[in-house]
Amino acid sequence: RRCKAICPDYVVVNAGINGQHAYNIFHRIDEVIACKPQWVCLMVGTNDWKGIFNPVWGEAGVIPHNLPQVPTEQWYVSNMRATIQRLLDSDQALQVAVLELPPMGEDLLSRANRLVDHANQVLSDLVADFSESKRVTLVATNKALKEHISSRAGSPCGTLPVPFESCFDIMGKAYAKYFLLMQSWDTIGRSYGYHVLCDGIHLNDTGGQVVVSCLMELLSRTDAKTK
């Protein structure tokens, strides 16, 4: 909706499904290809990397998401590489935007976010492997989200943000506040000390707007080159 509001000339299809892993995305990417897109934007990996961060979470996701194994870094890279290659092979004009993963919690120095930094370096290296195609672009969404967090002095509710390790403790409460109390994702995020997240793992409205702005900048640059 945000993309459509900012740039009404684009037809935007949201193919994201909460909880899925890079493996799931690869196995349904043909559904996206069937839409004959000019651009495919991939923000894929938070569920893989949170399972790497906490192996108990990784095990818990295997059955619900029909995974053949627990997430590992190597398996993540393999699925992402296969997904990008499948997209490039499907249409010689198709462009792929690979978005950096967002923070996990908003303590930017935490172990969780050190892992996210590593994950985004892995993505950067992967995108570099496709440099000859000139059709795969890394979008610095994590950098933009961190800059937004750092530009806001202190927590919005006056306390430290809830640690990432507690995200599953507050996720259900966050959904209840949204669907039952009709609170905005920004309001919910503020109640837990977050600026760009609503529950420590999902973006709130502000975080979503930061990501959309990064994408619109990329599309604007691309449009300018083709004119």
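Here is a walk through this structure, helix by helix, with stops at a few residues along the way. Keep in mind that what you're looking at is a predicted model.

Let's start with a pair of helices. Two packed helices are described by the angle between their axes and the distance between the axes. For helix H5 (residues 73-90) and helix H6 (residues 111-129), the angle is about 35° and the axes are 11 Å apart. If you look at how H5 and H6 cross, the crossing is right-handed. On the H5 side, the contact is made by Glu-73, Tyr-76, Val-77, Met-80, Arg-81 and Ile-84. H6 brings His-118, Val-122, Leu-123, Leu-126 and Asp-129 to that contact.

Two names from that list deserve another look. Side chains of opposite charge can pair when their charged atoms come close. Asp-129 and Arg-81 do just that, meeting in a salt bridge with 3.1 Å from N to O. The pair links distant parts of the chain, with Asp-129 in helix H6 and Arg-81 in helix H5, 48 residues apart. Arg-81 counts as partly exposed because its relative accessibility is 34%, which falls between the limits of 20% for buried and 50% for exposed.

H6 has another charged partner to show you. Lys-146 forms a salt bridge with Asp-117, and here the closest N and O atoms are 2.6 Å apart. Lys-146 lies in helix H7 (residues 141-151) and Asp-117 in helix H6, so this pair ties together parts that are 29 residues apart in sequence. Asp-117, at 32% relative accessibility, counts as partly exposed.

Now jump along to helix H10 (residues 205-226), which holds both Glu-217 and Arg-221, four residues apart, or about one turn of the helix. An α-helix has 3.6 residues a turn, so residues three or four places apart point the same way. Glu-217 and Arg-221 form a salt bridge, their closest N and O atoms being 3.6 Å apart. Glu-217 is partly exposed at 48% relative accessible area, and Arg-221 is partly exposed at 42%. The count of salt bridges comes to four.

Back to H5 for a moment, since Leu-88 lies in that helix. Is Leu-88 buried or exposed? Leu-88 is buried, because its relative accessible area is 4%, and buried means under 20%. Leaving aside residues up to four places away in sequence, Leu-88 touches Leu-94, Val-96, Phe-130, Ser-133, Arg-135 and Val-136. As for Ile-17, 71 residues away along the chain, its C-alpha atom is separated from that of Leu-88 by 22 Å.

Next comes a helix that is mostly covered: H3 (residues 46-53), with seven of its eight residues buried. Those buried residues are Thr-46, Asn-47, Asp-48, Trp-49, Lys-50, Gly-51 and Phe-53. What covers them includes helix H2 (22-33), helix H4 (55-60), H5, H6 and H8. Helix H2 has a buried residue to visit too: Asn-24 lies in this helix, and at 10% relative accessibility Asn-24 counts as buried. Asn-24 touches His-65 and Leu-67, not counting residues up to four places away in sequence.

We finish on the outside. Phe-179, Leu-180 and Leu-181 make a nonpolar surface patch of about 390 Å². Leu-181 is found in the loop between helix H8 (167-179) and helix H9 (185-191). With a relative accessible area of 56%, Leu-181 is exposed.

Conventions. Residues are numbered from 1 along each chain as its sequence is written. This is a predicted model: local features need pLDDT of at least 70, side-chain atom pairs count only at pLDDT 80 or more; totals for chains, interfaces and linings use all residues. Side-chain values use heavy atoms; hydrogens and water are left out. Patches are made of residues with over 30% relative accessible area and no salt bridge: like charges are joined within 9 Å, nonpolar side chains (Val, Leu, Ile, Met, Phe, Trp, Tyr) within 5 Å. Accessible areas come from the Shrake-Rupley method with a 1.4 Å probe; for residues, only the protein chains shown count as cover. A salt bridge is a side-chain nitrogen of Lys or Arg within 4 Å of a carboxyl oxygen of Asp or Glu. Helices (H or I, at least four residues) and strands (E, at least two) are DSSP runs, numbered from the N terminus. Buried means under 20% relative accessible area, exposed over 50%, partly exposed in between (1.4 Å probe, protein chains only). Axes are lines fitted to C-alpha atoms, for helices over the stretch in contact, and angles run from 0 to 180 degrees between N-to-C directions. A crossing is left-handed if the near helix is turned anticlockwise from the far one by less than a right angle, and right-handed if clockwise. Contact means heavy atoms within 4.5 Å.
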